[in-house]
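Load the model in your viewer and show the backbone as a cartoon. Keep side chains hidden until a stop on the tour calls for them.

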Amino acid sequence: AVTCTLALHHVADADRPTAITEMYRVLRPGGTLLIGEFRAPSGGRRRPRLHHFRAGNTIEQARELTASAGFTDIDYADTNLSWLGTITAVKPVSTTVRP
């Protein structure tokens, strides 16, 4: 498994695809990725004092990047924290090698 919790938003936007691709590379086929990251607030409530609102909706970007990297079985879930979402994804079991 690979976990990335509240770290992806610290990676420069241009480097995030590379970070996700590296997560894919180091996983064994059938391995699981878990990303916990900030999500956009729901219900129109914003608390501007909190840093995570400056981070944007990183979880949505992470969902798109996991698909682009080749992960399958991508699942998004909310948590009991209104500002935190999770993504789980699986590196497929296959005999083909990704570049």
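This is a predicted model, in which local features need pLDDT of at least 70 and side-chain atom pairs count only at pLDDT 80 or more, while totals for chains, interfaces and linings use all residues. Residues are numbered from 1 along each chain as its sequence is written, and side-chain values use heavy atoms, with hydrogens and water left out.

**Whole chain**

Start with everything selected. The protein has two helices and four strands, in the order β-α-β-α-β-β along the sequence. Helices (H or I, at least four residues) and strands (E, at least two) are DSSP runs, numbered from the N terminus.

Colour by accessibility next. Buried means under 20% relative accessible area, exposed over 50%, and partly exposed in between (1.4 Å probe, protein chains only). Of the 99 residues in the protein, 32% are buried. The accessible surface comes to about 6200 Å², with 53% of that belonging to carbon and sulfur atoms; areas come from the Shrake-Rupley method with a 1.4 Å probe, and for residues only the protein chains shown count as cover.

For contacts, the criterion is heavy atoms within 4.5 Å. Among contacts between residues at least 6 apart in sequence, 63% join residues at least 24 apart.

**Strands β2, β3 and β4**

Select residues 32–38 and 84–90. These are strands β2 and β4, which run antiparallel and are joined by seven bridges. Two strands pair if DSSP finds at least two bridges between them. Pick Thr32 and look across to β4: its bridge partner there is Val90.

Add residues 72–78, which make up strand β3; five bridges join β3 to β4, again in an antiparallel arrangement. Here Asp75 has Thr88 of β4 as its bridge partner. The two strands β3 and β4 form a hairpin, with five residues between them.

While β3 is selected, pick out Asp73, which is in this strand. Most residues other than glycine have a negative phi. Asp73 is not a glycine, yet its phi is positive, at about 50 degrees. Its relative accessible area of 59% makes Asp73 exposed.

**The N terminus**

Go to Ala1, in the segment before β1 (2–5). Is Ala1 buried or exposed? Ala1 counts as exposed, at 87% relative accessibility. Leaving aside neighbours within four places in sequence, Ala1 is in contact with Leu27 and Thr32. Draw a distance from the C-alpha of Ala1 to that of Ala89: the two residues are 88 apart along the chain, and the atoms are separated by 10.0 Å.

Then move on to Leu6, in the loop between β1 and α1 (16–26). Leu6 is another non-glycine residue with a positive phi, about 50 degrees. At 30% relative accessibility, Leu6 is partly exposed.

**Salt bridges**

Show the charged side chains. A salt bridge is a side-chain nitrogen of Lys or Arg within 4 Å of a carboxyl oxygen of Asp or Glu, and by this rule there are four.

Take Asp13 and Arg16, whose closest N and O atoms are 3.0 Å apart. Asp13 is exposed at 53%, whereas Arg16 is buried at 6% relative accessibility.

Next, select Asp78 and Arg39, where the N to O distance is 3.4 Å. This pair links distant parts of the chain, with Asp78 in strand β3 and Arg39 in the loop between β2 and α2 (58–69), 39 residues apart. Arg39 is buried, with a relative accessible area of 13%.

**Helix α2**

One more salt bridge leads into α2: Arg63 and Glu60, with closest N and O atoms 2.8 Å apart. The two are separated by about one helical turn because they are three residues apart in helix α2. Both Arg63, at 31%, and Glu60, at 28%, are partly exposed.

Now select the whole helix. With 12 residues, α2 reaches 16 Å from its first C-alpha to its last, close to the 16 Å expected at 1.5 Å a residue (the expected span is 1.5 Å times one less than the number of residues).

Which residues of α2 are buried? They are Thr58, Ile59, Ala62, Leu65, Thr66 and Ala69. Look down the axis of α2: its buried residues fall within an arc of 115 degrees, so they line one face of the helix. The arc is that of the directions from the helix axis to the C-beta atoms. Show the surroundings and the buried residues of α2 can be seen to pack against α1, β2, β3 and β4.

End at Gly70, just after α2, where phi is positive at about 110 degrees.
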